[in-house]
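Thank you all for coming. I would like to walk through one model this morning, going slowly from the inside to the surface, and I am happy to take interruptions as we go.

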Amino acid sequence: MSLHDSEATAAPAFRLPAEWEPHEATWIAWPHNRGDWPGKFGPIAWAYVEIVRILSKVESVRILVKGKDAEEKARERLECGGADLERVVFHRAATDRCWLRDSAPMFVVDDRGGCRLLDWKFNAWAKYENHRRDDRVPRRLAQILDLPRIKPRATIHDREARVVLEGGAIDVNGKGTLLTTEECLLSDVQARNPGLDRAGIEDIFEKYLGIRHVVWLNRGITGDDTHGHIDDLARFVDPQTIVLAVEDDPADPNYAATQENWDRLRSARDQDGHPFRVVPLPFPDPVIFDGQRLPASYANFFIANGLILVPTFNDPADRDALGILAQLFPTRKVVGIHATDLVWGLGTLHCLTRDQPAASTPLDAP
């Protein structure tokens with residue numbers, strides 16, 4: 001059996017690093033599915049140019065493209081936009097969509113810095129039929145990187161099955177605690193792993209991600225197409241600090257859920273029984289396009305080497321959100337990326353990126 005097709009389970013020494021730990025690279029997939037941004041696809045490639053331009057200043061950016069023509073067009077735009085092409089590497093891989101946070105593998109590391117890929121089953125959030133190419137992305141990355149690939153499995157209804165999990169559904173502090181929502185992984189509408197209960201999910205987190213403690217929030221934000229992904233709602237910024245998107249207007253649909261989540265986090269504890277520092281993030285005013293409320297959230301930021309990319313929405317709250325994150329990441333440059341067009345695809349910066357941790361490197365604190 002090929003190492004890349006290993007069905008072995010992860011050893012207990014493996015863990016999922018926190019996003020602020022050193023990166024080997026950031027992976028993205030060049031946008032090509034016009035159906036993800038109907039009527040607004042034109043500006044999306046230029047939003048990606050800006051993301052790559054900034055990321056390529058601090059780390060390698062690996063880009064999946066569907067073929068030679070797509071690579072040439074992307075390269076031309078990146079050169080025009082001022083990206084450091086010496087830090088950009090293209091790889092041929094067909095995808096259905098470009099949301100690699102969910103379709104790409106998770107990279108787990110051992111205590112010596114070695115990496116393996118976790119190939120979770122991807123079912124396109126149980127909403128879209130065209131997801132087979134995305135489900136093959138982890139296999140392609142394993143081939144590119146020559147790394148072993150693990151397919152997490154669980155016994156569900158007395159049958160062994162691959163586990164469905166997207167990267168945007170969880171966030172970790174690198175010390176053994178994981179954040180997620182009940183709406184995403186436990187509710188009847190989530191359609192990811194029917195029959196797998198809370199205890200079963202926590203066992204999977206421990207087995208494959210090295211998680212000792214799970215903090216469960218309730219519901220995600222309004223407009224989220226994924227049924228409650230945590231990365232639009234709450235994020236670790238260091239092992240003891242969590243930012244939470246909080247709505248203060250009682251008339252807003254996000255009010256009740258975010259206030260309840262605030263109460264849950266204020267009483268939550270970490271893997272060692274210590275309370276968290278919880279910091280509120282504002283919401284922008286509702287972003288609506290074609291009559292649809294979009295999941296505009298500053299919590300969908302991405303942490304890179306020495307850098308934080310934050311979605312902005314031409315809103316007065318942009319400055320407040322950038323200031324809060326700058327205070328929480330004093331050693332990193334905080335950069336806003338205009339995301340009003342990007343969020344029409346129902347995701348922004350964290351949704352489209354997948355961090356690859358540095359192998360054989362001491363894993364630093366924030």
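Let me begin with Asn261, which, leaving aside residues up to four places away in sequence, touches Leu217, Asn218, Arg219, Leu233 and Leu244. Before going further I should say that this is a predicted model, and everything I show should be heard with that in mind. Asn261 belongs to helix 8, which runs over residues 255–267, and the relative accessible area of Asn261 is 0%, so this residue is buried.

A second interior position that I would like to put beside it is Val88, a residue of strand 3, which covers residues 88–92. Is Val88 buried or exposed? The cut-off for calling a residue buried is under 20% relative accessible area, and Val88 counts as buried because its relative accessibility is 8%. Its contacts, again without residues up to four places away in sequence, are Val52, Ser56, Val61, Ile63 and Leu78. For orientation on the screen, you may also want to find Arg159, which is 71 residues from Val88 along the chain, with 43 Å between the two C-alpha atoms.

Now to the salt bridges, of which the structure holds 20. As background, side chains of opposite charge can pair when their charged atoms come close. I have picked out three pairs.

In one of them, the side chains of Glu19 and Arg235 meet at an N to O distance of 3.4 Å. Glu19 sits in the segment before strand 1 (23–29), while Arg235 is in strand 12 (residues 234–238), and the pair therefore ties together parts of the chain that are 216 residues apart in sequence. Glu19 and Arg235 are both buried.

Another pair is Arg101 with Asp355, where the N to O distance of the salt bridge is 3.1 Å. Here too distant parts of the chain are linked, since Arg101 is in helix 3 (residues 100–103) and Asp355 is in strand 20 (residues 354–357), 254 residues apart. As for their surroundings, Arg101 and Asp355 are both buried.

The remaining pair I chose is Glu182 and Arg198, whose side chains form a salt bridge with an N to O distance of 3.2 Å. Glu182 is part of helix 6 (residues 182–185) and Arg198 is part of helix 7 (residues 198–209), so this bridge ties together parts that are 16 residues apart in sequence. Glu182 counts as buried because its relative accessibility is 17%, whereas Arg198, at 35%, counts as partly exposed.

Which residues are joined into one network by salt bridges that share partners? They are Glu19, Arg101, Asp171, Arg235, Arg354 and Asp355, and you will recognise in that list Glu19 and Arg235 from one of the pairs I described, together with Arg101 and Asp355 from another.

Let me turn to the surface, and to charge that gathers in patches there. A positive patch is made up of Arg34, Lys66, Lys73, Arg77, Arg132, Arg133, Arg136 and Arg139. Which elements give two or more residues to this positive patch? They are helix 2 (68–81) and helix 4 (132–135). One of the patch residues, Arg132, has its place in helix 4, and Arg132 counts as exposed because its relative accessible area is 66%.

There is also a patch of negative charge on the surface, where Asp69, Glu72, Glu76 and Glu79 gather. Asp69 lies in helix 2, an element that also contributes to the positive patch, and with a relative accessible area of 55% Asp69 is exposed.

Finally, I would ask you to look at the backbone at two positions. Trp125, a residue other than glycine, has a positive phi near 60°; it is found in the loop between strand 5 (115–118) and helix 4, and Trp125 counts as buried because its relative accessibility is 6%. Asp290, likewise not a glycine, has a positive phi near 55°, and it lies in the loop between strand 15 (288–289) and strand 16 (292–293). Is Asp290 buried or exposed? The relative accessible area of Asp290 is 66%, so it is exposed, whereas Trp125 is buried.

That is where I will stop, and I would be glad to go back to any of these positions on the screen.

Methods
Residues are numbered from 1 along each chain as its sequence is written. This is a predicted model: local features need pLDDT of at least 70, side-chain atom pairs count only at pLDDT 80 or more; totals for chains, interfaces and linings use all residues. Side-chain values use heavy atoms; hydrogens and water are left out. Patches are made of residues with over 30% relative accessible area and no salt bridge: like charges are joined within 9 Å, nonpolar side chains (Val, Leu, Ile, Met, Phe, Trp, Tyr) within 5 Å. Accessible areas come from the Shrake-Rupley method with a 1.4 Å probe; for residues, only the protein chains shown count as cover. A salt bridge is a side-chain nitrogen of Lys or Arg within 4 Å of a carboxyl oxygen of Asp or Glu. Lys and Arg count as positive and Asp and Glu as negative; His and the chain ends are not counted. The place of a charge is taken as NZ of Lys, CZ of Arg, CG of Asp or CD of Glu. Helices (H or I, at least four residues) and strands (E, at least two) are DSSP runs, numbered from the N terminus. Buried means under 20% relative accessible area, exposed over 50%, partly exposed in between (1.4 Å probe, protein chains only). Contact means heavy atoms within 4.5 Å.
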